[in-house]
Structures are given as structure tokens and as C-alpha cells.
Amino acid sequence: MIRVAQFTIMINKKDIVLVGSSMGGFIANGIFARQSKILGLANINGSGSFVLSERLFRKKDDLGDLPLAYLEVLREYDPVDRTNFKSPVLMLHGDSDTVIAIEGQQDYYRHLKEVEKRSNVELKIYKNVNHQFTPEMVSDLKAWLGLLPY
């Protein structure tokens, strides 16, 4: 249920597809991991492995180890540390991304496939693509959206 001014709009979660790019991909993935019955998730150049991604950011920026208190809070929200709802997941990422390392997407993909034994998960990696949303990614996203059971 969403309340806008004095109006209440009833929206079923099963009609919602979460799509996010970059930090929006992190956010969409975080929501997806905490909500049930969402129709699907498309994460573009983001990550579903928050702790690993934070460690990679800190290493890249020479910030040292992740403080324990921060690690505990981050794990509370990390999709890899949660059992995810069984809706379809699409991850798109450039192999040359210099902003958000592809390892976060790969780790989340591994978690869904190996730990949760999911079959409706796809990771598409784009050769020589940095941190951008390319026309090919848009086409692949549109094709994936067309396969969802609305």
C-alpha cells in the first residue's frame, strides 16, 4: 500500500519489478532481499553482495579493513546473507567497470545459483564495457522484462 497525500493506492508486490543501475542496483537488490513476492529484480552495474563490494571499495581507495561494527550493520542488509524470494533475477555488468567491481555481481550470482539452487537467475557480462548502461543492455533488459509472468 502506498499513501499519496490523502489517497491510498493499493499495489500488489507481485506486480512490482525492481530495476536499478549503479547505486540504484544496490538499493533494488537490498529491497528485493528483504521483501517477498516481488515479481523480479534487474540489477545493472550494481551489486547484491554488499560486504564484498564494500571491501573492494575500501581496498581500491586504500581505506584499510572494514571496522567490525560497520561490518555487522552491513551484514544485516547484505542480500548474500539472506534467503531471497524465488522471483527471477537479471544482472547486467560491464567487464571493465572501474566504478563498481563486477565481483559483487558474480558473488551474488554464485550465492543464488549454488547456495539457493536457483535456476531463474541470469548474469550477463558485457565485454569492454565500463560503468555505463549500453543500448545492448537496454535491449537485454527489455527482452527479460517481456518474459516475466505479468
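In this predicted model, strands E4 and E5 (residues 89–94) run parallel to each other and are joined by 4 bridges. To find the register, look at leucine 41: its bridge partner in E5 is valine 89.

Now turn to the other neighbour of E4. Strand E3 (residues 17–21) pairs with E4, again in the parallel sense, over 5 bridges. Here leucine 41 shows up again, this time as the bridge partner of leucine 18. To get from E3 to E4 the chain passes through helix H1 (residues 23–34), and this β-α-β crossover is right-handed.

So how covered is E4 itself? Of the 5 residues in the strand (residues 40–44), 5 are buried. In a regular strand, side chains alternate between the two faces of the sheet, so it's worth checking each side in turn. One side of E4 carries Gly40, Ala42 and Ile44, the other Leu41 and Asn43, and both faces are covered.

Carry on past E5 and you reach E6. The E5 and E6 pairing is parallel too, over 6 bridges, with leucine 123 in E6 as the bridge partner of methionine 91. Put together, that's an open sheet of 4 strands in the order E3-E4-E5-E6. E3 and E6 (121–126) are the edge strands, each pairing on one side only. On average, neighbouring strands in this sheet are turned by 10° against each other, ignoring direction.

Finally, there's a helix to place on the sheet. H5 (residues 135–147) packs there, touching E3, E4, E5 and E6. The direction of H5 makes about 175° with that of E5.

Technical notes. Residues numbered from 1 in each chain as written. Predicted model: local features only at pLDDT ≥ 70, side-chain atom pairs only at ≥ 80, totals over all residues. Heavy atoms only, no water. Buried < 20%, exposed > 50% of the residue type's maximum accessible area, 1.4 Å probe, protein only. Helix = DSSP H or I, 4+ residues; strand = E, 2+ residues; numbered from the N terminus. Pairing = 2+ DSSP bridges. Right-handed = clockwise from strand over helix to strand, strands pointing away. Axes fitted to C-alpha atoms, helices over the stretch in contact; angles between N-to-C directions. Contact = heavy atoms within 4.5 Å.
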